[in-house]
Amino acid sequence: MPNDLASRLEPIVAEAVKAAGFDLDSFEVQQAGRRQLVKVVVDGDDGVGLDEVASVSRAVSAALDENEHVIASAYTLEVTSPGLDRPLTVQRHWRRAKFRLVKVTPAEGAAFIGRVGHAGEKAARVLVDGEIRDVGYASVAKAVIEIEFKQPPAEDLKLLETDASALNAATTEPKEEPK
């Protein structure tokens, strides 16, 4: 029943989260005694602050109240942002981790630590030991952000910015002049 309920509630919650300007990162419904526990994890390009979590919580609560016939029972709503230990699984996670150190465990080969640059459609550019590598999302078994206590080296950031500029220049086709 909770999985069926979750599949009916998810589009309602996703719409409310999107209208608030964020992405629905994960969603689940669990039975908690006589109530349903509705867990909503939201993310945004610039992260999510406490005030924004409260705003999203109000928006989702209002959407659920408008659709009370779907949930048909008492519920507890829990809205949060993803933690640093959230695995990078899709392009937007990699894009939001730009310039952060990540530990990558490939499906094959040894794990490595690198700094994320441009996150493309199928792969991210990662600076590893002074060299930029393409890391295909499909080839990653697990990737998580590494916590840093100091500023990243300016040379690393400059190298990643230069690489991103070169990628953008290479993918932008010149426009033809109208005749």
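**Reading a two-domain pocket, a helix and several loops**

Mentor: In this predicted model, domain 1 (3-80) and domain 2 (91-170) each supply at least three residues to the lining of the largest pocket; the domain bounds come from an automatic or database assignment. Residues are numbered from 1 along each chain as its sequence is written, and side-chain values use heavy atoms, without hydrogens or water. Local features need pLDDT of at least 70 and side-chain atom pairs count only at pLDDT 80 or more, while totals for chains, interfaces and linings use all residues.

Trainee: Which residues of the lining lie nearest the centre of the largest pocket?

Mentor: A pocket is an open set of points on a 1 Å grid over the protein atoms alone, where a 1.4 Å probe fits, with protein on both sides within 12 Å along at least five of seven lines; lining residues have an atom within 4 Å of a point. Here 16 residues form the lining, and Asp43, Pro82, Arg86, Arg100 and Ile145 lie nearest the centre.

Trainee: How many residues of each class are in that lining?

Mentor: Ala, Val, Leu, Ile, Met, Phe, Trp, Tyr, Cys and Pro count as nonpolar, Asp, Glu, Lys and Arg as charged, and the others, Gly among them, as polar. The lining of the largest pocket has six nonpolar, five polar and five charged residues.

Trainee: What span does helix α2 reach from its first C-alpha to its last?

Mentor: Helices (H or I, at least four residues) and strands (E, at least two) are DSSP runs numbered from the N terminus, and the expected span of a helix is 1.5 Å times one less than its number of residues. Helix α2 covers residues 50-66, 17 in number, and reaches 24 Å, close to the 24 Å expected.

Trainee: Which residues of α2 are buried, and which are exposed?

Mentor: Buried means under 20% relative accessible area, exposed over 50%, and partly exposed in between (1.4 Å probe, protein chains only). An α-helix has 3.6 residues a turn, so residues three or four places apart point the same way. In α2, Val53, Val56, Val60, Ala63 and Leu64 are buried. Seen down the axis of α2, these buried residues fall within an arc of 95 degrees (taken from the directions from the axis to the C-beta atoms), so they line one face of the helix. Asp51, Arg58 and Glu66 are exposed on the other side of α2.

Trainee: Where is Phe99 found, and where is Asp129?

Mentor: Phe99 sits in the loop between α4 (91-96) and β4 (101-106). Although not a glycine, Phe99 has a positive phi of about 75 degrees, and its relative accessible area of 22% makes it partly exposed. Asp129 lies in the loop between β6 (123-128) and β7 (131-136). Asp129 is likewise not a glycine and has a positive phi of about 50 degrees; at 75% relative accessible area, Asp129 is exposed.

Trainee: Is Phe27 buried or exposed, and what separates its C-alpha atom from that of Val41?

Mentor: Phe27, in strand β1, counts as buried at 15% relative accessibility. Its C-alpha atom and that of Val41 are 6.3 Å apart, with their positions 14 residues apart along the chain. Gly33, in the loop between β1 (23-32) and β2 (35-43), counts as exposed at 63%. The C-alpha atoms of Gly33 and Ser139, 106 residues apart along the chain, are separated by 41 Å.
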